[in-house]
Amino acid sequence: MPGKFYITTAIDYVNNLPHLGTAYEKIAADAIARFKRLDGYDVHFQMGNDEHSVNVMKEAEKLGLPVKQYCDRMRVKFEAIWKDLEISYDDFIQTSEPRHHAAVNAFIELILKKSPNDIFEKEYEGWYCESCEAFQTEKDLVDGKCPTHKTQPKWLKEKNYFFRLSSYKERLLQHYKDNPEFILPEIRKNEVVNFISTELLDISVSRASFPWGIPFPNDPTHVAYVWFDALINYLTAVGFGQKDGAESFKKFWPADLHIVGKDITRFHCVIWPAMLMSAGLPLPKTVFGHGFVFLKGEKMSKSLGNVLTPLDIVPQFGADALRYYLLRESSFGSDGDFTWDNFIKRYNGDLANDIGNLLNRTLGMANKYLGGEIRQPTAPEQPEEKPLREVVAGILSKVRTEMDYTAQGDVDFHKALASIWEVVATADKYIDTSAPWKLSKDGKTPEIGRVLYNVVDTLRNVALLVSPFIPAAAKKIWAQLGIEGQIAFEKQTFENVAWGKTPDTKVTEGTPIFPRIEPPETSKSGDKKMDELLDIADFAKIELRVAEVKQAEKVEGADRLLKLQVEIGGVPRQIVAGIAQHYKPEEIVGKKVVVVANLKPAKIRGVESNGMLLAASAGGGSAPGGSTSESLSIITLDRLSLPSGAKVK
Ligand code: MSP
């Protein structure tokens, strides 16, 4: 009988909404949690938000909101996104919650009691990266900047409480040695071992002069350092430091699996176990440091403006499409990449064609030849069904092995999915070789019944097997096979992955579970692939505003240019526009036009221009010949009541 399984993800900073990278982590953890539940484990799947960071406080200040209120609002937004992605977490924690304050206090008290020398006061100064929320040594910096965020850290000087991390070096190395599954995959372990073998410094665990955080016990002039507080969330969530938490804590701690990104493996494999050793608590069994998702080969970053979020994909293509792509495309421990072209290929190939089409053709034939009625077979066994029966019989143990990170050193989602797709391909082949359309010509209805029962039964197995990865599709397959009325999908476990367990059923007409994506139409100007199209986030960077033209005059020596004095929301600006051959100055004065308001200033023929006027011209590019006044038109408003400064979206 499998026991409990406590799995966590990193808790996210809430100064930004989730993007594809943070979502990847939650999707992967969800697939593992769902897999374990189906395998009979008593799973506790924990997620949450990390709130006591400088950047979170700054974001709230920018919006003029009390920081707690800002965090509560972000929680609602995060949870809505996780629900859209079908993330089945059991509990969601905010570090500003009273239960977490209590746990952090209890934890620090425990260290003070068990290892009284581990926390001490010291004057410290050093480089601090606010995005990492960590001090960095000169050695860490590249050209004076944080290697991860490429920003200049701040010089901080404070009297802080410190944690005697340096004294844990040998114990940590010994722990890694004795517990080979503590840090996975192997590459992360090597990084961590190299890191601590060179230099392990004590770390600051409090911040004075910082108002947002959990006050230090016995010294409320300090708050706990955000990482020190954040890591403790894994204990809080299962009852540590809570009035009625002892039973749950005893049951679920230590965690079985912390899923974190490769950038924060060090915090989880060095600081966190040392903190737990100091408090005399058991260590988590495994920390898995997964790879990053890149976008067209580049790191996603707000400052580069190339952040893709689940909201750019899920409303149009569904959560399963994104989940499948991310899990299928790369191995979990390595980096992966998102491109629209690959996404569409995977979707149309694996989802629409392979699994979607197998379901469709099966339902189509069942309805055509059997009136939709699937019954226990009466015709004798056929030689063609042997390969299918064998692949179904072996699939669960194969997928289990591929998902077993302690055995594989990685979570091989991509291999598990490829194995399930072999079942799909075998079923497809089985239909082709047994050819129900030929059997029908010969009036062999019982034989058709046997073929289609076998395929429906395979699809039932496939629905169970894919459900950790693409849960919505799994339910749809189940329902379209007509089984839901008799056996509720929610109650299923992997015990039901077996040949021939489908009850008598009447299948539905069925609708495509993954309707094909038609790639964008090719235009005359060339074959535009999805990746060459603009992401919505790129478009959002362009600030279009209504401007009122107050004055206009020709630019001396430039017969195409007009110098315009415009007003945008009460603020005057000068813009130079190449419209002099189409508009006389007096024609344009008083008009409300649309301008790009956030362009860098430029000098055009020596005249400063602070923006760009939008105009349409015949022929796409610049107006041909620029001769007739009709070949160009500025964009004006047809409702003049709209004030200048209004945003154009
Ligand atoms: N708040 C800390 C974690 C504290 S855990 C006690 C943090 N937050 S984060 O919002 O910056 O990142 C959350 C998780 O998303 C981290 O595990 C991080 O590694 C992961 N990812 C962030 N960008 C990512 C990609 N581009 N790809 C994959 N995972 C990424 O760090």
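This passage describes two sheets, one bent helix, one exposed loop residue and the surroundings of the ligand.

The model is predicted, and local features were accepted at pLDDT of at least 70, side-chain atom pairs only at pLDDT 80 or more, whereas totals for chains, interfaces and linings use all residues. Residues are numbered from 1 along each chain as its sequence is written, and side-chain values rest on heavy atoms, with hydrogens and water left out.

Helices (H or I, at least four residues) and strands (E, at least two) are DSSP runs numbered from the N terminus, and two strands are taken to pair if DSSP finds at least two bridges between them. In general, the strands of a sheet pair through backbone hydrogen bonds, in either a parallel or an antiparallel sense. An open sheet of four strands follows the order β6-β5-β7-β9, and its pairing is antiparallel. Strands β6 and β9 (203-204) stand at the edges with a single partner strand each, so one side of each is left without a neighbour in the sheet. Within this sheet, β5 (residues 119-129) and β7 (residues 154-163) are joined by 10 bridges; I119 has F163 as its bridge partner in β7, and W127 has W155. On its other pairing, β5 is linked to β6 (residues 134-136) by three bridges, again in the antiparallel sense, with F135 of β6 as the bridge partner of Y128. Strands β5 and β6 form a hairpin with four residues between them, and E133 in the turn has a positive phi of about 55°.

The loop between β6 and β7 contains Q152. This residue is exposed, with a relative accessible area of 55%, where exposed means over 50%, buried under 20% and partly exposed in between (1.4 Å probe, protein chains only). The C-alpha atoms of Q152 and P387, which are 235 residues apart along the chain, are separated by 61 Å.

An open sheet of three strands has the order β10-β12-β11, with antiparallel pairing. Here β10 (206-208) and β11 (215-216) stand at the edges, each with a single partner strand, so one side of each lacks a neighbour in the sheet. Two bridges join β11 to β12 (residues 219-224), and the bridge partner of F216 in β12 is D219.

Helix α13 (residues 340-370) bends by about 40° at N357, the bend being the angle between axes fitted to the seven residues ending at a residue and the seven starting there. Just after α13, G371 takes a positive phi of about 60°.

Of the 21 residues around the ligand, I11, E25, D50, D263 and V293 come nearest, a residue being counted if one of its heavy atoms lies within 4 Å. Polar contacts with the ligand (pairs of N or O atoms within 3.5 Å) include that of E25, which has a polar side-chain atom 2.5 Å from an oxygen atom of the ligand. A polar backbone atom of G21 lies 3.3 Å from a nitrogen atom of the ligand, and a polar backbone atom of V293 lies 2.9 Å from a ligand nitrogen atom. The protein covers 92% of the 660 Å² of accessible area that the ligand has on its own, as computed by the Shrake-Rupley method with a 1.4 Å probe. The elements giving two or more residues to the shell are β2 (12-13), α1 (20-38), α7 (226-231) and β13 (257-261), and α1 gives the most, with three residues.

How values were computed:
A polar contact is a pair of N or O atoms within 3.5 Å; within protein, one must be able to donate a hydrogen and the other to accept it, and residues adjacent in sequence count only if both atoms are side-chain atoms.
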